[in-house]
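Thanks for coming. I will go through one model this morning, helices and sheet in turn. Please have the viewer open.

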Amino acid sequence: MPIPYDRTCWIIGYGNTRRRDDGIGPCVVDRLKPLVRNTEGVHLLAVPQLAADLVGELYKADRILFADATVADVAGGWSWCKVCPETHSLPYLTHHASPAYLLGLVRALYHRSPRAWLLSIQGYDFGFGEGLSREVEKRIGDVSQEILQFIEKND
């Protein structure tokens, strides 16, 4: 018997909070916590890196948004990209998994394909230290509002 999809939305912010702007993903999740506290079906998770053990939580999700920092120049400061499942490139020599690889595991193990996106947020300072750069700190509010719109859009 197939496992039914939950009407859930997962927001997973990942990155190293001790490498300044690399911690954008977890900071976005922290910003969203009070805004979605009582929103049914919304799950927030901040992790330093994506790992295969997340599959046990994600397999029944309807939608997943991965939020991460990027060193690339991004028009407007952030970009959205649809993520498709992939299993042909194993994350060997590291325990970091990509969003596509996690979705590939969900499909291979549970025969599920949640809709997923990667939100890449441009960072500037990836040196050692805590706290975001001034530019990124200004951007977090706008990014959070866009994610709230994503959560409300339940198609």
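**Helix α4 and what it packs on**

I start with helix α4, residues 134-152. It has 19 residues, and at 1.5 Å a residue these should span 27 Å; the end C-alpha atoms are 29 Å apart, which agrees. Bear in mind that this is a predicted model.

The helix has a kink of about 30°, centred on I140. I140 is also one of the buried residues of α4, and the others in that list are V136, R139, V143, S144, I147, L148, F150 and I151. On spacing in general, an α-helix has 3.6 residues a turn, so residues three or four places apart point the same way.

What covers those buried residues of α4? The cover includes strands β1, β2, β3, β4 (78-83) and β5 (115-122), along with helix α1. As for direction, α4 lies across β1, β2, β3, β4 and β5, and runs at about 165° to β5.

Next, the loop between β5 and α4, which is where S133 sits. Is S133 buried or exposed? Its relative accessible area is 5%, and the cut-off for buried is under 20%, so S133 counts as buried. Setting aside neighbours within four places in sequence, S133 is in contact with R20, D21, Y124 and D125.

Now the sheet. It is open, it has 5 strands in the order β2-β1-β3-β5-β4, and its pairing is mixed. The edges are β2 and β4; each has a single partner strand, so one side of each is left without a neighbour in the sheet. From one strand to the next, the twist averages 20°.

Let me go through some of the pairings. Strand β1, residues 9-14, is mostly covered, with 6 of its 6 residues buried. C9, I11 and G13 point one way from β1, whereas W10, I12 and Y14 point the other way, and all are buried.

With strand β2, residues 42-47, β1 runs parallel, and 6 bridges join the two. To place that pairing in the viewer, take W10, whose bridge partner in β2 is H43. With strand β3, residues 63-70, β1 also pairs in the parallel sense, over 5 bridges. Here the residue to pick is I11, whose bridge partner in β3 is L65.

Moving along the sheet, which strand does β3 join through 8 bridges? That is β5, and the two run parallel. A67 has L119 as its bridge partner in β5.

Last, helix α1, residues 24-36. Together with β1 and β2 it makes a right-handed β-α-β unit. Its 13 residues, at 1.5 Å a residue, should span 18 Å, and the end C-alpha atoms are 18 Å apart, which agrees.

Helix α1 lies across β1, β2, β3 and β5, running at about 150° to β2. Which residues of α1 are buried? They are I24, G25, P26, V28, V29, L32 and V36. These buried residues pack against β1, β2, β3 and β5, and against α4 as well.

To recap: the sheet order is β2-β1-β3-β5-β4, α1 lies across β1, β2, β3 and β5, and α4 lies across β1, β2, β3, β4 and β5. If you look at one place afterwards, take the kink at I140 in α4. That is all I have.

Technical notes: Residues numbered from 1 in each chain as written. Predicted model: local features only at pLDDT ≥ 70, side-chain atom pairs only at ≥ 80, totals over all residues. Heavy atoms only, no water. Buried < 20%, exposed > 50% of the residue type's maximum accessible area, 1.4 Å probe, protein only. Helix = DSSP H or I, 4+ residues; strand = E, 2+ residues; numbered from the N terminus. Pairing = 2+ DSSP bridges. Right-handed = clockwise from strand over helix to strand, strands pointing away. Expected span 1.5 Å × (residues − 1). Bend = angle between axes of the 7 residues up to and from the residue. Contact = heavy atoms within 4.5 Å. Axes fitted to C-alpha atoms, helices over the stretch in contact; angles between N-to-C directions.
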